[in-house]
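Colleague: Could you walk me through this model? I'd like to learn how to read its surface and its confidence values.

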Amino acid sequence: KARILLRDGKAEIAGYQPFTIQLTIATGETVQEVHVGVDTGSKHIGMAVTSESKVLFSADISLRQDISSLLKTRRDLRRGRRYRNPKVE
């Protein structure tokens, strides 16, 4: 379909990586009113996009909970390197 649109001059190449085309013909102006909802929490973020009659998109994002333990491990390894070899005077 993309090849046919390009051949007929109804689309042009917008990018090569990834290969993307952009239509040059009018396709109609359809506008739909939607509502975006975001529910933030400490461990999860919920998102939803809804119209008047149905849910168009919903997602549940889990946040990372291991950052503080990774920082503690890094701190302990750094301290271990500092005190492993005593200073020679």
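**Reading burial, patches and confidence**

Modeller: Happy to! Let's start with a single residue: serine 51 counts as buried because its relative accessibility is 11%, and buried means under 20%.

Colleague: Where does serine 51 lie, and which residues does serine 51 touch?

Modeller: Serine 51 sits in the loop between strand 4 and strand 5. Leaving aside residues up to four places away in sequence, its contacts are Gln32, Glu33 and Leu56.

Colleague: Leu56 caught my eye. Which residues form the nonpolar patch on the surface?

Modeller: Leu56 is one of them, together with Val34, Val36, Val38, Met47, Phe57, Ile61 and Leu63. Together they have about 650 Å² of accessible area. Two elements give two or more residues to this patch: strand 3 (35-40) and strand 5 (55-62).

Colleague: And which element gives the most?

Modeller: That is strand 5, with three residues.

Colleague: Why does leucine 63 count as partly exposed?

Modeller: Partly exposed lies between the 20% limit for buried and the 50% limit for exposed, so leucine 63 falls in that class at 34% relative accessibility. Leucine 63 is placed in the loop between strand 5 and helix 2 (67-84).

Colleague: How should I read the confidence?

Modeller: This is a predicted model, and where pLDDT is low, the predicted coordinates should not be read in detail. Here the protein chain averages a pLDDT of 92, and 96% of the residues score at least 70.

Colleague: Where is confidence lowest, and where highest?

Modeller: Helix 2 is lowest, at a mean of 92, while strand 4 (residues 44-50) is highest, at 97.

Key
Residues numbered from 1 in each chain as written. Predicted model: local features only at pLDDT ≥ 70, side-chain atom pairs only at ≥ 80, totals over all residues. Heavy atoms only, no water. Patch = residues over 30% accessible without salt bridge, like charges linked within 9 Å, V, L, I, M, F, W, Y side chains within 5 Å. Areas by Shrake-Rupley, 256 points an atom, 1.4 Å probe, with all protein chains shown as cover. Salt bridge = Lys/Arg side-chain N within 4 Å of Asp/Glu carboxyl O. Helix = DSSP H or I, 4+ residues; strand = E, 2+ residues; numbered from the N terminus. Buried < 20%, exposed > 50% of the residue type's maximum accessible area, 1.4 Å probe, protein only. pLDDT = per-residue confidence, 0-100. Contact = heavy atoms within 4.5 Å.
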